[in-house]
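Let us take a walk through this protein together, one region at a time. Have the sequence and the model open beside you as you read.

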Amino acid sequence: MAPLDPRLVRRSRGVRRLLAASVVLGLATAGLVIAVAYVVAQVVAHRFDGEPVAALVAAIAAGLGVRAFVTWCHTTVSARAAATVKAELREEVVDDLLDPRRLGPRPSSSRVVALLGPGLDAFDGYIGRFLPQIVLTGLVPPLVLLAVASADLLSAIVLAVTLPLVIVFLVLVGMVTKDRIDRRWQALERLGAHFADVLDGLTVLKVFGRRQEQGLREVGERHRRETVRALRLAFLSSFVLELFSTLSVALVAVSVGLRVVEGDLELEPALFVLLLAPEAFAPIKRLGAMFHDSTAGAEATAELLNLLDHDRHTGTGPAPDLRTAEIVLDGIVVRRDGRAVPGLDLAHTRIRPGEFIAVTGPSGCGKSTLLSLLMAFERPTTGYVLVDDVDLASIDPVAWREQIAWVPQVPGLVPGTIEDNVRLGDVAASREDVAAALRDAGASDLPLDRVVDESGDDVSAGERRRIAVARAVLRVRRGSARLVLLDEPTAGLDASREAAVLATLRSLAVTVVVVAHRPETIAAADRELRLASRMVLA
């Protein structure tokens, strides 16, 4: 795990400002450490010689005061930088998820919540303490070594030999810790996903009397165990770091003490070396203590940057009119990261204007991926989606989607009335247009003024689908949609309402592509596109 992902530096102004301020304040801290040690050594040496030290004592007090002020400035700048970076990343993630030019599958809501909640909360330790401490660790020990070498070369050699041993141990601890933190992060994601799934299906679980306490308890216990293991490793590694640094300082102290007794070293440089030797190890020890607090933030950083690190649409060309355009999918293969089997493998197919096509096949064969390609939310790994011989990748995605009506498996609803939700298809539609669209979607029994709450729990799955179908029908009737994509729109509907929806879809004078499992939907289509391992359909 790299201590600082360069992608974060490129993306965040707050991190760049923090690193610049940390360098300046780190140099000031190192200078003050050396200056205070030098003055203290002079005070003690002059005191033994009987010389006045009042001015030197005042200098020590002033140096300690300035050092405390610099430390406070560093802490304040780091805390503000952490808050700035968190705000920047939250805004960037939200903007990215809403960006119409975003390519790639959308992350699950549980993953987004875990990243923007507990993940970014870990930035207080990572950005606010760990990154500034890395800068101090890189600046203070080398400067301290140079100051020690100016006073006693042998002591500097001892420190130069022992310091890398402590750093090597810190690296080894980091390698072991990364594995623990990865497991803890996976456990947290699993806990969040499981809890979100339970909340989504809470109404159904209550209706059927299914209890989920045991499942939540087991997932939560797994997260607790991984957290305790990470903490156990943190305490153990802090102890070993303290032991190594103490032994190293003891070697210097013994060497200096023996040479002072034998008269080979003066008292003042000896005191100067003894005061500086612990300061060479102090930043490393603090870094080791903060490392475990920062690993969750570093892991969350990597996850957030991976979420933001994807391709974007670059097409700006005009969208062909889908009332007359033919769509050709040629040599399409979509591969997912970490999966050997393609998410979609389709040799060749044509979607002609005005066709009603039922897409079928076993689960996981790529039916939803095909719809995602047609909506330009993804690009094929190999192959092309051509619209009248124009590559879809070269077309402006916003102009392309303005001609598409989309009904997903779980349609989204907004707080308001059913009329408000249907009118999302066309905000300029009249009340009569909305009522006609609901009637065509087999939803004439749904009152226009019925209020839908924010969660949509007071709407059944069938009602939710019929509202979404009415929204799509409204777009077609109003002339804005010329391609309708539906993912199992009749699931959860009874036979009469399913027949009404299918009759409406048949009557639309536009191209319709529907993912279907039910025989009635397949029978209503002009033809069936069955996805398998690889196939050709002209």
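What follows is a tour of sheets, a core, charged pairs and cysteines.

Please keep in mind that this is a predicted model. A good place to begin is the open sheet of four strands, whose order is 2-1-4-5 and whose pairing is antiparallel. Strand 2 (344-351) and strand 5 (390-391) form the edges, each pairing on one side only. Further in, strand 1 (residues 327-334) meets strand 4 (residues 382-387) over five bridges, in the antiparallel sense. If you would like one position to anchor your view, find aspartate 330, which stands opposite tyrosine 384 in strand 4. Helix 10 (residues 367-374) packs on this sheet and touches strand 1 and strand 2. The direction of helix 10 makes about 125° with that of strand 1. As background, strands of a sheet pair through backbone hydrogen bonds, and they may do so parallel or antiparallel.

For a parallel example, turn to strand 3 and strand 11, which are joined by four bridges. Threonine 360 sits in strand 3 (residues 356-360), and its bridge partner in strand 11 is arginine 530. Is threonine 360 buried or exposed? Its relative accessible area is 2%, under the 20% cut-off, so threonine 360 counts as buried. Leaving aside neighbours within four places in sequence, the contacts of threonine 360 include Glu528, Leu529, Arg530 and Leu531, and also Cys365, Lys367, Ala516 and Ile522. Strand 11 (residues 527-530) itself has two faces: Arg527 and Leu529 are on the covered one, while Glu528 and Arg530 are on the uncovered one. That fits a general pattern, in which the side chains of a regular strand alternate between the two faces of the sheet.

Now for the nonpolar interior. The largest nonpolar core has 37 residues, and Val422, Leu438, Val484 and Leu486 touch the most other members. Several elements give two or more residues to this core, among them strand 3, strand 6 (404-407), helix 12 (418-422), helix 13 (431-440), strand 9 (483-487) and strand 10 (511-515). Which element gives the largest share of this core? Helix 14 does, with eight residues. To see the surroundings of one well-connected member, look at valine 484: beyond its neighbours within four places in sequence, its contacts are Ala405, Ala472, Val476, Leu508, Val510, Thr511, Val512 and Val513. In soluble globular proteins, nonpolar side chains tend to be buried together.

Helix 15 is also among the elements that give two or more residues to the core. Alanine 500 lies in helix 15 (residues 495-507), and with 27% relative accessibility this alanine is partly exposed. Leaving aside neighbours within four places in sequence, alanine 500 is in contact with Asp440 and Gly442. Although alanine 500 and aspartate 440 are 60 residues apart in sequence, their C-alpha atoms are 7.0 Å apart in space.

Charged pairs come next. Side chains of opposite charge can pair when their charged atoms come close, and a search of the whole structure finds 23 salt bridges. One of them joins aspartate 449 to arginine 431, with 3.3 Å between the closest N and O atoms. Aspartate 449 is in the loop between helix 13 and strand 8 (451-452) and arginine 431 is in helix 13, so this pair ties together parts 18 residues apart in sequence. Aspartate 449 is exposed at 52%, whereas arginine 431 is partly exposed at 36%.

The loop between helix 13 and strand 8 also reaches helix 14. Arginine 466 forms a salt bridge with aspartate 445, the closest N and O atoms being 2.9 Å apart. This pair links helix 14, where arginine 466 lies, to aspartate 445 in that loop, 21 residues apart. Arginine 466 is buried at 4% relative accessibility, while aspartate 445 is partly exposed at 40%. Arginine 450 and glutamate 463 make another salt bridge, at 3.3 Å between the closest N and O atoms. Since arginine 450 lies in the loop and glutamate 463 in helix 14, the pair ties together parts that are 13 residues apart in sequence.

Finally, what about the cysteines? A disulfide is a covalent bond between the sulfur atoms of two cysteines. The count of disulfides in this model comes to zero. Cysteine 73 is buried, with a relative accessible area of 17%, and cysteine 365 is buried at 10%.

Definitions and conventions:
Residues are numbered from 1 along each chain as its sequence is written. This is a predicted model: local features need pLDDT of at least 70, side-chain atom pairs count only at pLDDT 80 or more; totals for chains, interfaces and linings use all residues. Side-chain values use heavy atoms; hydrogens and water are left out. Buried means under 20% relative accessible area, exposed over 50%, partly exposed in between (1.4 Å probe, protein chains only). Contact means heavy atoms within 4.5 Å. A disulfide is a pair of cysteine sulfur atoms within 2.5 Å. A nonpolar core is a set of buried Ala, Val, Leu, Ile, Met, Phe, Trp, Tyr and Cys residues joined through side-chain atoms within 4.5 Å. A salt bridge is a side-chain nitrogen of Lys or Arg within 4 Å of a carboxyl oxygen of Asp or Glu. Two strands pair if DSSP finds at least two bridges between them. Axes are lines fitted to C-alpha atoms, for helices over the stretch in contact, and angles run from 0 to 180 degrees between N-to-C directions.
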